[in-house]
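Let's take a walk through this fold together, starting in the sheet and working outwards. Have the viewer ready and follow along.

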Amino acid sequence: MRLTTDFWVSSIVRRAFSAGGFAAVARRGASEAGAVMITQRDRMGQTRLYGPAPQTSYEDAKPDQRLFVELLNSDDEQSIHDKIERELRFDPDIWVVELEVDDALFAELVNVTTP
């Protein structure tokens, strides 16, 4: 059984704070099954945007695991904002979570795959 998006996002936020990082929910989507987009900011001003991985990325053994792919890597906040806005026009139920954690903690919190 897959966790609700609301529960999953709450868990990520709590885990980030408990490890000394920062997390914020920039936009709440559908609590039951909204898609999640994640921004990761580093100390050098670089921002990465992650979105849900395509269904072909999922293994039969772990169909309930949430997987993400990197959509954009930029030091331009506006390009990240524009990409999120385009996605919102397509799916208004999207959640946007902002994380400021180191790469090791990010890898622990978010499962990133390549398409």
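Which residue in β5 is the bridge partner of Ile-38? Val-97 is the one. Keep that pair in view, since the tour starts from there. One caveat before moving on: this is a predicted model.

The Ile-38 and Val-97 pairing belongs to a longer stretch of strand contact. Strand β2, residues 36-41, runs parallel to strand β5, residues 95-100, and 5 bridges link the two. On the β3 side the sense flips: β2 and β3 are antiparallel and are joined by 4 bridges. Gln-40 has Arg-48 of β3 opposite it. The link between β2 and β3 is a hairpin with 5 residues between the strands, and Gly-45 in the turn has a positive phi of about 90°. Carry on to β4 and you find another antiparallel pairing, with 6 bridges between β3 and β4. There, Gly-51 sits opposite Val-69 of β4.

Now zoom out to the whole sheet. It is open, has 5 strands in the order β1-β5-β2-β3-β4, and its pairing is mixed. What do β1 and β4 have at the edges? Each has a single partner strand, so one side of β1 (22-27) and one side of β4 (68-74) lack a neighbour in the sheet. On average, neighbouring strands are turned by 20° against each other, ignoring direction. As a reminder of what holds such an arrangement together, strands of a sheet pair through backbone hydrogen bonds, either parallel or antiparallel.

How does the rest of the chain fit around this? There are 3 helices along with the 5 strands, and along the sequence they follow the pattern α-β-β-β-β-α-β-α. Among contacts between residues at least 6 apart in sequence, 70% join residues at least 24 apart. The chain has 115 residues, and 37% of them count as buried. Its accessible surface is about 7,000 Å², with 49% of that belonging to carbon and sulfur atoms.

Helix α1 is a good next stop. Residues 5-18 make up this helix, which lies across β1, β2, β4 and β5 and runs at about 150° to β1. Val-13 is one of the residues in α1. Buried or exposed, where does Val-13 fall? With a relative accessible area of 16%, Val-13 is buried, because the cut-off for that label is under 20%. Setting aside residues up to four places away in sequence, Val-13 touches Ala-23 and Val-25. The C-alpha atoms of Val-13 and Ala-24 are 6.7 Å apart, with 11 residues separating the two along the chain.

From the helix, step into the nonpolar interior. The largest nonpolar core has 18 residues, and Val-36, Ile-38 and Leu-99 have the most contacts inside it. At least two residues of this core come from each of α1, β2, β5 and α3 (103-109). The biggest contribution is from α1, with 5 residues. Look around Val-36 and, beyond residues up to four places away in sequence, you will see that it touches residues including Trp-8, Val-9, Tyr-50, Phe-68, Trp-95 and Val-97. A second core, separate from that one, has 7 residues, among them Ile-80, Leu-88, Ile-94 and Val-96.

Finally, go back to the sheet for two polar residues. Gln-40 is in strand β2 and, at 3% relative accessibility, is buried. The side chains of Gln-40 and Asp-103 are joined by a polar contact of 3.2 Å. Beyond neighbours within four places in sequence, the contacts of Gln-40 include Thr-47, Arg-48, Leu-99, Asp-103 and Phe-106.

Thr-47 belongs to strand β3, residues 47-52. Which side chain makes a polar contact with the side chain of Thr-47? That of Glu-77, at 3.2 Å. Thr-47 is buried as well, at a relative accessible area of 1%. Leaving out neighbours within four places in sequence, Thr-47 is in contact with residues including Thr-39, Gln-40, Leu-72, Ser-74, Glu-77 and Ile-80. Since Ile-80 is also listed in the second core, that contact makes a handy place to pause and look around.

Technical notes. Residues are numbered from 1 along each chain as its sequence is written. This is a predicted model: local features need pLDDT of at least 70, side-chain atom pairs count only at pLDDT 80 or more; totals for chains, interfaces and linings use all residues. Side-chain values use heavy atoms; hydrogens and water are left out. Two strands pair if DSSP finds at least two bridges between them. Axes are lines fitted to C-alpha atoms, for helices over the stretch in contact, and angles run from 0 to 180 degrees between N-to-C directions. Contact means heavy atoms within 4.5 Å. Buried means under 20% relative accessible area, exposed over 50%, partly exposed in between (1.4 Å probe, protein chains only). Accessible areas come from the Shrake-Rupley method with a 1.4 Å probe; for residues, only the protein chains shown count as cover. A nonpolar core is a set of buried Ala, Val, Leu, Ile, Met, Phe, Trp, Tyr and Cys residues joined through side-chain atoms within 4.5 Å. A polar contact is a pair of N or O atoms within 3.5 Å; within protein, one must be able to donate a hydrogen and the other to accept it, and residues adjacent in sequence count only if both atoms are side-chain atoms.
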